[in-house]
Every structure is written in C-alpha cells, then in structure tokens.
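Thanks for asking me to look this one over. I have put my thoughts into a few numbered points, best read with the structure open beside you.

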Amino acid sequence: MQKVKVSVIVPSLNAMPYIKQCLDSIRIQTLTELEILCVDAGSEDGTLAVINEYAVMDNRIRLIKSDQKSYGYQVNHGIEAARGEYVGIVETDDSIEPDMYEALYHAATEHDLDYAKAGFYTMVTPGGERYL
C-alpha cells in the first residue's frame, strides 16, 4: 500500500451545487499520495450519491458518516480517521489548484514544519457576486 502523505478532509452537508468541482480539484492533485475523507453530516440533496459515485471511481476517497451536523465535529472525525503525515481541509464550496498539496507538502517536509498554509483567491459568480 502506498504511503499517505496528506489526508484531505472534506466536511459536507447538502453541498450538491459544489461537490463535484471540489472533489475533481482534489482528485487531480499532482501529489497523488493522498486520501480524501468525505465526512458527511446527513446530506439529503444528492451529495451522498455523488460522493459514493466518486468513491467508486477513485479508491482514495472514503465516505465517513457523521452523526452530528457540526463542522468542528466533522473535521475532528476526519482527523481521527486520517492516515496521512499531514492533514488538509477543503470545504465543499472550494476548489484548489492542481499543485497545491504538492507545494505545501514539499515546503513542510523541506523545512521540517508542523504545518503549511495556502493563500486563496476571490471567486466571482456569473451574477457578479464576489466570494473569498
């Protein structure tokens, strides 16, 4: 079995409008030695079906069901299940650059860091709304 360098935790609850774009951005990471822990808090909008579909396509994806609708609880639940050297969190309404985890992992290991943090971009919807 391949060594897991980064465990990516994806807390979700009714994230259908965004979940595919989010998971796609994680699946195409240039750092392939990662696991994707989708911690769902009881989605009822089709999010679970998408996560299950993606788990069939990519064996790095694991669905973990949360019995509480709490972001912090979901993250902690993911941390407990994580097998990676490092832990990352990607929220379902975010997408990440293809080399983000490779860059962060190399910076952390090269400099013996406990953690490394990425920046962010502002997204603009077709309607002109701005989001960080």
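1. A good place to begin is strand S1 (residues 6–12), which pairs with S2 in the parallel sense over seven bridges. If you want a spot to check by eye, look at serine 12, whose bridge partner in S2 is aspartate 40. Between the two strands the chain passes through helix H1 (residues 19–27), and this β-α-β crossover from S1 to S2 is right-handed. Please keep in mind throughout that this is a predicted model.

2. On to the next pairing. S2 and strand S3 (residues 61–65) run parallel and are joined by five bridges. Here isoleucine 36 has isoleucine 61 of S3 as its bridge partner. The chain gets from S2 to S3 through helix H2 (residues 47–57), in a β-α-β crossover that is right-handed.

3. S1 also has a parallel pairing with S4, made by four bridges. Valine 8 is a handy marker for it, with glycine 88 as its bridge partner in S4.

4. Now put the strands together. Four strands form an open sheet with parallel pairing, and the order is S3-S2-S1-S4. S3 and S4 stand at the edges with a single partner strand each, so each has one side without a neighbour in the sheet. From one strand to the next, the twist averages 25°. As a reminder for anyone tracing the contacts, strands of a sheet pair through backbone hydrogen bonds.

5. How many residues of strand S2 are buried? Seven of the seven, across residues 34–40, so this strand is largely enclosed by the rest of the structure. Both of its faces are covered: Glu35, Leu37 and Val39 are buried on one side, and Leu34, Ile36, Cys38 and Asp40 are buried on the other. Two residues from the points above belong here, since Asp40 is the bridge partner of serine 12 and Ile36 is that of isoleucine 61.

6. Finally, a look at the surface. Which residues form a nonpolar patch there? They are Tyr71, Ile79, Val87 and Ile89, with about 340 Å² of accessible area together. Helix H3 (71–81) and strand S4 (86–89) are the elements that give two or more residues to this patch. Valine 87, placed in strand S4, is partly exposed because its relative accessible area of 42% falls between the 20% and 50% cut-offs. The strand that carries valine 87 is also one of the two that stand at the edges of the sheet.

Definitions and conventions. Residues are numbered from 1 along each chain as its sequence is written. This is a predicted model: local features need pLDDT of at least 70, side-chain atom pairs count only at pLDDT 80 or more; totals for chains, interfaces and linings use all residues. Side-chain values use heavy atoms; hydrogens and water are left out. Patches are made of residues with over 30% relative accessible area and no salt bridge: like charges are joined within 9 Å, nonpolar side chains (Val, Leu, Ile, Met, Phe, Trp, Tyr) within 5 Å. Accessible areas come from the Shrake-Rupley method with a 1.4 Å probe; for residues, only the protein chains shown count as cover. A salt bridge is a side-chain nitrogen of Lys or Arg within 4 Å of a carboxyl oxygen of Asp or Glu. Buried means under 20% relative accessible area, exposed over 50%, partly exposed in between (1.4 Å probe, protein chains only). Two strands pair if DSSP finds at least two bridges between them. A crossover is right-handed if, with the strands pointing away from the viewer, the path from the first strand over the helix to the second runs clockwise. Axes are lines fitted to C-alpha atoms, for helices over the stretch in contact, and angles run from 0 to 180 degrees between N-to-C directions.
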